[in-house]
Amino acid sequence: MKFIVALLFTCVAVVALTPSQAEAKGILIYNTGEKAFECGPLPAPFDKEPELTGHQAGYICNVTGIFWSYFSVRNCRPVAVLGNSYIEDPELGAAIKAKYPESSMKRGIWGKYGWMLLAAIVLGGIVMAIKSKFSGDDE
């Protein structure tokens, strides 16, 4: 049981030190809102436009998750991303969508699969608590 608590504390500490742009709500750190995910350089001819200098092709999506790991990424729109800002244009969006599918978004390992690790830890804790209750162990 001590191992599970130590593992959970380590996971929370690592996640707490990871920066995020999504809004955190409550004690559990429940994330909702919009987040931009980059895909790569802008497709031609948009890469030559002066007002898009420095922008990257990407998608802006509605996200839902816990501890900055998103179990729901939906309603994605292709945009030109620069930091926390983005430019949305129908022609640009069509060019981005043609070059980069939504699966090419750079979400990172934690952003994509971290919620599964957290769910496994919680499930493991529940199983150990039930096992302890029925076996009479009080660690």
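Helices and strands are taken here as DSSP runs, numbered from the N terminus, with at least four residues for a helix and at least two for a strand. The model is predicted. By this assignment, Phe134 is found in helix α3, which covers residues 109-135. The protein chain has 3 helices and 5 strands. Along the sequence, these elements follow the pattern α-β-β-β-β-β-α-α.

The protein chain has 139 residues, and 33% of them count as buried. Its accessible surface comes to about 8,800 Å². Carbon and sulfur atoms account for 65% of that surface. Contacts between residues at least 6 apart in sequence were also examined. Of these contacts, 62% join residues at least 24 apart.

Two hairpins were found among the strands. Strand β3 spans residues 56-66, and strand β4 spans residues 69-82. The two pair in the antiparallel sense over 10 bridges. Tyr59 stands opposite Pro78 in β4. The β3 and β4 hairpin has 2 residues between its strands. Phe67 lies in this turn and has a positive phi of about 50°.

Strand β4 also pairs with strand β5, which covers residues 85-87. These strands run antiparallel and are joined by 3 bridges. Leu82 stands opposite Ser85 in β5. Here too, 2 residues lie between the strands of the hairpin. Gly83 in the turn has a positive phi of about 65°.

His55 is placed in the loop between β2 (30-41) and β3. Its relative accessible area is 10%, so His55 counts as buried, the limit being under 20%. Neighbours within four places in sequence were set aside for the contact list. His55 is then in contact with Leu42, Ala80, Val81, Leu82 and Ile87. Among these partners, Leu82 is the residue that stands opposite Ser85.

A search of the whole structure finds 3 salt bridges. One of them joins the side chains of Glu34 and Arg77, at 3.4 Å from N to O. Glu34 lies in strand β2 and Arg77 in strand β4, so this pair ties together parts that are 43 residues apart in sequence. Arg77 also meets Glu88 in a salt bridge, at 3.0 Å from N to O. Glu88 lies in the loop between β5 and α2, so its pairing with Arg77 ties together parts that are 11 residues apart in sequence. Glu34, Arg77 and Glu88 are thus linked in a network of salt bridges. Each member is partly exposed: Glu34 has a relative accessible area of 39%, Arg77 has 25%, and Glu88 has 45%.

Another salt bridge is formed by the side chains of Asp47 and Lys48, at 3.8 Å from N to O. Asp47 is partly exposed, with a relative accessible area of 38%. Lys48 is exposed, at 68%.

Helix α2 covers residues 90-99 and contains Glu91. This residue is exposed, with a relative accessible area of 60%. Glu91 and Phe46 are 45 residues apart along the chain. Their C-alpha atoms are separated by 9.5 Å.

A nonpolar patch was found on the surface. Val122, Ile126, Ile130 and Phe134 make up this patch, which has an area of about 440 Å². Phe134 belongs to helix α3. Its relative accessibility is 72%, so Phe134 counts as exposed, the limit being over 50%.

Notes:
Residues numbered from 1 in each chain as written. Predicted model: local features only at pLDDT ≥ 70, side-chain atom pairs only at ≥ 80, totals over all residues. Heavy atoms only, no water. Patch = residues over 30% accessible without salt bridge, like charges linked within 9 Å, V, L, I, M, F, W, Y side chains within 5 Å. Areas by Shrake-Rupley, 256 points an atom, 1.4 Å probe, with all protein chains shown as cover. Salt bridge = Lys/Arg side-chain N within 4 Å of Asp/Glu carboxyl O. Buried < 20%, exposed > 50% of the residue type's maximum accessible area, 1.4 Å probe, protein only. Contact = heavy atoms within 4.5 Å. Pairing = 2+ DSSP bridges.
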